[in-house]
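Grab a coffee and work through these exercises with the model open beside you. Try each task yourself before you read its solution.

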Amino acid sequence: MIRRLRRFLRDRSGAATLEFCLAFPPVIYFLILGAETGLLQLRQSMMEHGMEIAVRELRLGNPAMTDPERLKDEICANSLMLSDCRANITVETRPIDTATWDVAGTGIACRDSTAPINPVVSYATGGKNELMLLRFCVTFRPVLPGAGLAAAMEKLPDGRYALTAATVFVNEP
């Protein structure tokens with residue numbers, strides 16, 4: 001029995017397989033984590049790009065942009081990498097009181113697909129030369145929900161995560 005045990009302990013066959021089995025999962029995990037981080041950054045950039053294009057039209061007083069549904073369409077049309085953008089976007093615009101400069105208020109309510117009613121958000125187009133705040137939120141499902149950046153992000157009740165963006169603009173006369 002002791003002889004077999006010694007022979008087993010001296011046997012080096014399979015050592016490379018063991019090293020591979022120990023090293024492979026963490027390497028793959030970090031590769032996927034890096035890809036997901038890049039995808040998250042790409043989604044955020046595309047979302048902000050779509051918002052900036054839509055805000056330009058809104059700022060210049062395009063009458064079609066007075067409809068919140070049209071603004072959502074414009075943002076989603078110019079935002080790549082946002083899966084099912086139209087169904088997962090919430091847009092809010094409101095004037096900023098320049099006497100108090102109250103900008104913060106509460107954060108934008110993101111769409112929860114488990115709720116029977118979507119959140120109520122304000123949509124005011126504002127008057128000429130009025131300072132306006134535009135905020136929007138798009139929800140998405142990450143590749144690794146409990147790891148990396150997704151672990152640090154707030155999870156919505158439907159299991160999705162929220163990307164938000166905001167900008168301030170002045171309506172042109």
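Before starting, one cut-off to keep at hand: a residue is buried under 20% relative accessible area, exposed over 50%, and partly exposed in between. Also keep in mind that this is a predicted model.

**Exercise 1. Sort three cysteines**

Task: Decide whether Cys21, Cys76 and Cys85 are buried, exposed or partly exposed.

Solution:
- Step 1. Start with Cys21, which has a relative accessible area of 47%. Buried means under 20% and exposed means over 50%, so a residue with this value is partly exposed.
- Step 2. Cys76 comes out at 14%, so it goes in the buried bin.
- Step 3. Cys85 has a relative accessibility of 6%, so it counts as buried too.

**Exercise 2. Find the disulfide**

Task: Work out which cysteines form a disulfide, and which hand it has.

Solution:
- Step 1. Recall what you're looking for: a disulfide is a covalent bond between the sulfur atoms of two cysteines.
- Step 2. Check the sulfur distance. The sulfur atoms of Cys76 and Cys85 sit 2.0 Å apart, and the cut-off is 2.5 Å. That pair forms a disulfide.
- Step 3. Count them up: the total is one disulfide.
- Step 4. Now the hand. The torsion about the S-S bond of Cys76 and Cys85 is about -75°, so the disulfide is left-handed.

**Exercise 3. Lay out the chain**

Task: How many helices and strands does the chain have, and in what order do they run?

Solution:
- Step 1. Count the elements: there are five helices and three strands.
- Step 2. Walk from the N terminus, and you'll read α-α-α-α-β-β-α-β.
- Step 3. Compare the radius of gyration with the globule rule. A compact globule of 173 residues would come in near 16 Å, whereas this chain has 25 Å.
- Step 4. Look at the box around the C-alpha atoms, taken along the principal axes: roughly 95 × 30 × 30 Å.
- Step 5. Check burial: 32% of the 173 residues count as buried.
- Step 6. Finish with contacts. Of those with a separation of 6 or more, 71% are between residues 24 or more positions apart.

**Exercise 4. Look inside helix 3**

Task: Which residues of helix 3 are buried, and what covers them?

Solution:
- Step 1. List the buried ones: Leu71, Lys72, Glu74, Ile75 and Cys76. Two of the names carry charged side chains, Lys counting as positive and Glu as negative.
- Step 2. Find the cover. It includes helix 2 (15-59), helix 4, strand 1 (89-95) and strand 2 (131-140).
- Step 3. Zoom in on Glu74, which has a relative accessibility of 14% and so counts as buried. Leaving aside neighbours within four places in sequence, Glu74 is in contact with Ile53, Ala54 and Met65.
- Step 4. Now try Asp73, also in helix 3. Its relative accessible area is 34%, so Asp73 is partly exposed. Its C-alpha atom is 10 Å from that of Ala87, 14 residues away along the chain.

**Exercise 5. Spot the odd phi**

Task: What is the sign of phi at Asp84, and where does this residue lie?

Solution:
- Step 1. Recall the background: most residues other than glycine have a negative phi.
- Step 2. Read the angle. Asp84 has a positive phi of about 50°, although it isn't a glycine.
- Step 3. Place it: Asp84 is in the loop between helix 3 (68-77) and helix 4 (85-88).
- Step 4. Check accessibility. Asp84 is at 52%, so it counts as exposed.

**Exercise 6. Compare two residues and their contacts**

Task: Which residues do Phe169 and Val103 touch, leaving out those up to four places away in sequence?

Solution:
- Step 1. Place Phe169 in strand 3 (residues 161-170). At 4% relative accessibility, Phe169 counts as buried.
- Step 2. List its contacts: Val55, Leu58, Arg59, Glu130, Leu131, Met132 and Leu134.
- Step 3. Measure across the sequence gap. Phe169 and Arg56 are 113 residues apart in sequence, yet 8.9 Å apart in space, C-alpha to C-alpha.- Step 4. Turn to Val103, in the loop between strand 1 and strand 2. Val103 is at 32% relative accessibility and counts as partly exposed.
- Step 5. List the contacts of Val103: Arg94, Ile96 and Leu133.
- Step 6. Val103 and Met132 are 29 residues apart in sequence and 9.5 Å apart in space, C-alpha to C-alpha.

Conventions: Residues are numbered from 1 along each chain as its sequence is written. This is a predicted model: local features need pLDDT of at least 70, side-chain atom pairs count only at pLDDT 80 or more; totals for chains, interfaces and linings use all residues. Side-chain values use heavy atoms; hydrogens and water are left out. Buried means under 20% relative accessible area, exposed over 50%, partly exposed in between (1.4 Å probe, protein chains only). Helices (H or I, at least four residues) and strands (E, at least two) are DSSP runs, numbered from the N terminus. The radius of gyration is taken over C-alpha atoms; the globule rule is 2.2 Å times the number of residues to the power 0.38. Contact means heavy atoms within 4.5 Å.
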